[in-house]
Amino acid sequence: MYGAGDVRIENVADPVLQLPTDAIVRIVRSCICGSDLHPYHSMPDTPGGAQMGHEFIGVVEEIGNDVATLKKGDFVVAPFAWSDGTCVFCQEGLQTSCEHGGFWAAGDIGGAQAEAIRVPFADGTLVKAPVSEDSELLPSLLTLADVFGTGYHAAKQARVTPGDIVTVIGDGAVGLMAVLSAKRLGAERIILMGRHQARTDLGIEFGATDVVAQRGEEGVNAVRELTGGHGAHKVLEAVGYREAYNQALGVVRPGGVISRVGVPQYEDAPIGFGSLFGPNITLTGGPAPVRAYIEELMPDVLSGTINPGKVFDSVISLDEVPAGYAAMDNRSALKVLVTP
Ligand SMILES: [Zn+2]
């Protein structure tokens, strides 16, 4: 990406092993993320450009001498952050705060909208999946790299438990995964706030019991009406704009939890007596340590019990990635799958 709206496909040098803990992975499927649209809107002109992409599954092609758990030919899922798997935060299941970790497409680590990538701390980062390259499960496995784990994190941080009334704000891929996750954790009622019917229809398939298309005060009133005036126990916010935070405050009930996984595009918002403190609201959320959830979520993907890969409504080649950004930006595509 060279600047807002300027995505190009270029030939770059093949990645090579640099450290004995590295692996080289040939990317079999990648995708474009809703969060890639933020730089697509606002990135200043950048001479030399920046590599893009942080979601991929693929096949291990080479390993460094210290890689112990993987071998050439293994099929792997990569989380959107790489991590050593051994530091105190990794051991606590918060791999996005790894003391030695980082993110794809940053520094000298390449992006995943590519044919191959160097993976640091391969043992800590990658998770093996018992599938072949032609498996029909690939789209669902790819959601474990980010959107499913992120939606699941929203629900876990909110401590969704059986019987809860949950409101999900946002009908993008993460919002829909938050619906699936709330359902998985036993929510009794799931109110999805979103305006795009094809997406909210998929949300209903994933477990939403109600859809509220209105936004702002009108949307808040609709959720209040659906909940006997009380509001939702848990609110999963998967948008990131200040309006979505206001909406969350409006629909959460006293004693409830607001869990945010949409990357906040604001720093200031109400937290005082009239907003969070008075009604005993818990505010939580953050970048999902999806590495912590891959092993937990994968069995249901492999068995076909759940099919999160349905969020991909478009499949393109690597050469078509610039058009893929445009399609997600103008919302003609929900989430674009890339086949290098
Ligand atoms: Zn770590």
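1. Two strands count as a pair here if DSSP finds at least two bridges between them. The model discussed is a predicted one. With that, strand E15 can be described. E15 covers residues 336-339 and is joined to strand E1 (residues 23-31) by two bridges, with the two strands running antiparallel. Strand E14 (residues 314-317) also pairs with E15, in the parallel sense and over four bridges. In register, Val-315 stands opposite Leu-337 of E15, and Ser-30 stands opposite Val-338 of E15. As background, side chains in a regular strand alternate between the two faces of the sheet.

2. Overall make-up. The protein chain holds 12 helices and 15 strands. Its radius of gyration is 20 Å, close to the 20 Å given by the globule rule for 340 residues, so the chain is as compact as a globular protein of that length. Along the principal axes, the C-alpha atoms fill a box of roughly 60 × 40 × 35 Å. Of the 340 residues, 50% count as buried. Among contacts with a separation of 6 or more, 70% are between residues 24 or more positions apart.

3. Domains. The chain is divided into domain 1, made of 23-146 + 290-339, and domain 2, made of 148-285. The centres of the two domains, taken over C-alpha atoms, are separated by 26 Å. Their contact takes 17 residues from domain 1 and 14 residues from domain 2. On the side of domain 1 that touches domain 2 there are 10 nonpolar, three polar and four charged residues.

4. Gln-113. Is this residue buried or exposed? Gln-113 has 30 C-beta neighbours inside 10 Å, and a residue is called buried at 20 or more, so Gln-113 counts as buried. Gln-113 is found in a loop, between strand E5 (102-103) and strand E6 (116-119). Beyond its neighbours within four places in sequence, its contacts are Ser-30, Met-52, Gly-53, Val-321 and Val-338. Two of these have already come up as partners across strands: Ser-30 stands opposite Val-338 in E15. Another of the contacts, Val-321, is a buried residue of helix H12. By contrast with those contacts, Leu-144 lies 31 residues from Gln-113 in sequence and 16 Å from it in space, C-alpha to C-alpha.

5. Helix H12. Which residues of H12 (residues 321-329) are buried? They are Val-321, Gly-324, Tyr-325 and Met-328. These residues cover an arc of only 100° around the axis, which puts them on the same side of H12. The general background is that an α-helix has 3.6 residues a turn, so residues three or four places apart point the same way. The buried residues of H12 pack against helix H1 (37-42), E14 and E15. E14 and E15 are the parallel pair described in point 1.

6. Helix H7. In H7 (residues 197-206), the buried residues are Arg-199, Thr-200, Leu-202, Gly-203 and Phe-206. They lie on the same side of H7, because the arc they cover around the axis is only 155°. On the face turned away from that buried side are the exposed residues Gln-197 and Ala-198. The cover over the buried residues of H7 includes helix H6 (173-184), strand E9 (189-193) and strand E10 (210-212). A reader checking the list should note that Arg-199, a charged residue by class, is among the buried ones. H7 is followed by Gly-207, whose phi is positive, near 130°.

7. Backbone angles to check. Most residues other than glycine have a negative phi, and most peptide bonds are trans. Ala-105 is not a glycine, yet has a positive phi of about 60°. Ala-105 lies in the loop between E5 and E6, which is also where Gln-113 is found. With 19 C-beta neighbours inside 10 Å, Ala-105 counts as partly exposed. Arg-331, likewise a residue other than glycine, has a positive phi near 65°. Arg-331 comes just after H12, in the loop between H12 and E15. Having 11 other C-beta atoms within 10 Å, Arg-331 is exposed.

Definitions and conventions:
Residues numbered from 1 in each chain as written. Predicted model: local features only at pLDDT ≥ 70, side-chain atom pairs only at ≥ 80, totals over all residues. Buried ≥ 20, exposed ≤ 12 C-beta atoms within 10 Å, placed from the backbone. Arc of directions from axis to C-beta. Contact = placed C-beta atoms within 7 Å. Domains from an automatic or database assignment. Rg over C-alpha atoms; globule rule 2.2 N^0.38 Å.
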